[in-house]
Amino acid sequence: MARFPRPHTPRLLYTLYSNKTTPSHSPTTALLSHNLNLHLRRFSSGNLARAAKEGEEPWWKESMNRLRNIGISAHIDSGKTTLTERVLFYTGRIHEIHEVRGRDGVGAKMDSMDLEREKGITIQSAATYCTWNDYQINIIDTPGHVDFTIEVERALRVLDGAILVLCSVGGVQSQSITVDRQMRRYEVPRVAFINKLDRMGADPWKVLNQARSKLRHHSAAMQVPIGLEEDFKGLIDLVQQKAYFFHGYSGEKVVTEEIPANMEALAAEKRRELIETVSEVDDKLAEAFLNDEPISSTELEEAIRRATVARKFVPVFMGSAFKNKGVQPLLNGVLSYLPCPIEVSNYALDQTNNEEKVTLSGTPNGPLVALAFKLEEGRFGQLTYLRIYEGVIRKGDFIYNINTGKKIKVPRLVRMHSDEMEDIQEAHAGQIVAVFGVECASGDTFTDGSVKYTMTSMNVPEPVMSLAVQPVSKDTGGQFSKALNRFQREDPTFRVGLDAESGQTIISGMGELHLDIYVERIRREYKVDATVGKPRVNFRETVTQRAEFDYLHKKQTGGQGQYGRVCGYIEPLPPGSSTKFEFDNMIVGQAIPSNFIPAIEKGFKEAANSGSLIGHPVEHLRVVLTDGASHAVDSSELAFKLASIYAFRQCYTAAKPVILEPIMSVELKVPTEFQGTVAGDINKRKGVIVGNDQEGDDSVIAANVPLNNMFGYSTALRSMTQGKGEFTMEYKEHSAVSHDVQTQLVNAHKGTKAD
């Protein structure tokens, strides 16, 4: 059998296998292709064990080591999409650079929706892949706006590493903190990139200190900038002890020089600081550091990699994506310091063994386990993004959806490059691919049928705002419901409900922008004009004390009647409880036959969906059933369900219910001269100021404000600050409203009912 020389086999195979970039139809190509097929057949899963016995490395080993799955996340306007655009340009995936707010009418590659290009923001996370120094990098560019936080959640859920982009002027902002919290939740190792060093007021050292204090990062600079603002010329690499300058029209030529003489002292000081910081979390480097041994570039690089993969250290890179400086060293940093798929521990839950945690090997040598983390409606039907955690998936294979139990054939397998796709025949563990024509929901797990594993789901925040929408013309009703069904499947934070009283369709989401975008997408993508009601806040109700209930539901209508009696009490759940509703059956004996208990629980749940104060759901509620009575003939599930609903309404007022409203964590950045006016306005909106920092000529005010008082705030802030103020807000918690607000809301609710 023809073989490649051993040293080159894996790399050449990998290049052929992953990129399919051989020149067309030459005799050499035919031979290579033939050898590749032989090699792949030889190392198919059946022969892996034999290969291991022979002491040969499986074909995927080097391929896995040369794979990185990374996400780019940050606060809005930190330059994530601009950075991704440069990465794609330098890796040869695109051949010219376009800006986010493209005056040339093209826009950035990763912002493929018209709405994204018009507004200059990222709405949906976009996936792509590229090759750098023989490594394959899968990249997901995520939105920065808090309203699209689910896009960041699901990207981080499936990635092995991330780049946290920080603005050298804005520093660590509110959304940077949120994104960092999400990275911690999914245990994602990360590198930081301080962007926009070319801007007025750029101060990377201030940002580094903020990352240490606000994000509690154990971090140190990997580079020192040569000049700042308009004098920003290049970077000094503290590991290799070289200076990099970026020449050429788009900074594509990286010139390596010696460190400028006037910066040697600063570079030496910063290198010592880097070694000291890493040695605090890496024993091997600490030993060399304490013994005052000279530390080589290789030793330092290996120590940084160990500490970063273990999530004990965050390397900080610098540059200006817009000015094409610092992107190539950042790419090298991704390869050097972020983990490959087999260095990350992933767990699945075994459904056949009480959801016991199972560690996945992360290699193609095992049963297929893949997670559907994102859905999109494509031109050819539903496009499902999969992260493969173990095994191999091939076009034409049968796969099983463990959540629904359905067996599905894979009709088409593609790799995504923003909105473009490339057909592939197979993909293995560690890769991110998309499949067409597979019906599933976000968060479903697929296997090859040999195991029943499910991956843990992602954190989905609760929607905080609602709008009433209805199509202008009755003829477009079908398209309207089609759009809403699709958006609900795509986005777990977008909910659709029906107002029982008015019969209106209610859409709920993460904020004004989130819902505006969906209404606009209904108009553009489905050609349905919709009228939109005033935004409504998602209030909740809860009880504050225990209240007893004893209700007998008895109805005789000739023939079989209805009879059911329930006794017990309702009470608030303890603070910090993770559940929103608990039902406990504490009946001793058979006062109520056990087959009626589920109907009673269902009745209380249904009643709690609409509190009697303002008709909003009741949360943090515990219902305890202590006694009851039944009739041998007249008792039924319906009778007990109705008894529960009436019992809840009877005792609800006695439990002293209160209304809860969503409180938003608001961060404002305003010129100091307007600080007093803005703070006064926050107080007027019943906000509580929790922090006030000075940043250059600006004041940064942190406050907790009820969402109900934040409508139209962007316009108000602009007029108060001559257009210079900016703010971001995200959901913090639901908290009780004051007595006067509660009275107002209850009276308004009664008024709408009377109408």
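A disulfide here is a pair of cysteine sulfur atoms within 2.5 Å. In general terms, that is a covalent bond between the sulfur atoms of two cysteines. By this rule, the count for this structure comes to 0 disulfides. The model is a predicted one, in which local features need pLDDT of at least 70 and side-chain atom pairs count only at pLDDT 80 or more, while totals for chains, interfaces and linings use all residues. Residues are numbered from 1 along each chain as its sequence is written, and side-chain values use heavy atoms, with hydrogens and water left out.

Two cysteines can be looked at one by one. "Buried" stands for under 20% relative accessible area, "exposed" for over 50%, and "partly exposed" for what lies in between (1.4 Å probe, protein chains only). Cysteine 130 has 0% relative accessibility, so it counts as buried. Cysteine 167, with a relative accessible area of 5%, is buried too.

Next come the nonpolar cores, each a set of buried Ala, Val, Leu, Ile, Met, Phe, Trp, Tyr and Cys residues joined through side-chain atoms within 4.5 Å. The largest one has 50 residues, and those with the most contacts inside it are Leu83, Ile137, Ile163, Ile236, Leu274, Leu300 and Ile304. Its largest share, 6 residues, is supplied by helix 13 (residues 327-337). Helices (H or I, at least four residues) and strands (E, at least two) are DSSP runs, numbered from the N terminus. Apart from this core lies another, of 42 residues, with Ile507, Ile701, Ala703 and Ala716 among them.

Leucine 300 also turns up in helix 12 (residues 297-309), where the buried residues are Ser297, Leu300, Ala303, Ile304, Arg305, Ala307, Thr308 and Val309. Contact means heavy atoms within 4.5 Å. Setting aside residues up to four places away in sequence, leucine 300 touches Leu238, Val239, Arg271, Leu274, Ile275, Leu285 and Ile295. The buried residues of helix 12 pack against several elements, including strand 1 (67-74), helix 10 (264-279), helix 11 (283-290) and helix 13. The expected span of a helix is 1.5 Å times one less than its number of residues. For the 13 residues of helix 12 that gives 18 Å, and the end C-alpha atoms are indeed 18 Å apart. Just past this helix, arginine 311 takes a positive phi of about 60°.

Helix 15 (residues 512-526) tells a similar story: its 15 residues reach 21 Å from first C-alpha to last, close to the 21 Å expected. Its buried residues include His514, Tyr518, Glu520 and Arg521. Lysine 527, just after helix 15, has a positive phi of about 55°.

On to the sheets. Strands of a sheet pair through backbone hydrogen bonds, either parallel or antiparallel. Two strands are taken to pair if DSSP finds at least two bridges between them. One open sheet has 3 strands in the order 13-12-24, with antiparallel pairing. Strand 13 (356-360) and strand 24 (453-455) are the edge strands, each pairing on one side only. From one strand to the next, the twist averages 45°, where axes are lines fitted to C-alpha atoms (for helices over the stretch in contact) and angles run from 0 to 180 degrees between N-to-C directions. Strand 12 (residues 346-350) is joined to strand 24 by 3 bridges, and alanine 348 stands opposite methionine 455.

A second open sheet has 4 strands in the order 31-32-34-33, with mixed pairing. Strand 31 (547-555) and strand 33 (581-585) are at its edges with a single partner strand each, so one side of each is left without a neighbour in the sheet. Here the twist averages 25° from one strand to the next. Strand 31 runs antiparallel to strand 32 (residues 562-572), joined by 9 bridges, with tyrosine 551 partnered by valine 566. Helix 16 (residues 597-608) lies across strand 31, strand 32, strand 33 and strand 34 (621-629), at about 150° to strand 33. Helix 17 (residues 637-652) packs on the sheet as well, its direction making about 40° with that of strand 32.

Finally, there is strand 35 (residues 657-671): 14 of its 15 residues are buried, so it is largely enclosed by the rest of the structure. Strand 35 pairs antiparallel with strand 38 (residues 726-736) over 10 bridges, and with strand 37 over 9 bridges. In the pairing with strand 37, methionine 664 has valine 705 as its bridge partner. Asparagine 704, found in strand 37 (residues 698-706), is buried, with a relative accessible area of 18%. Its contacts beyond four places in sequence include Ile663, Met664, Ser665 and Lys732.
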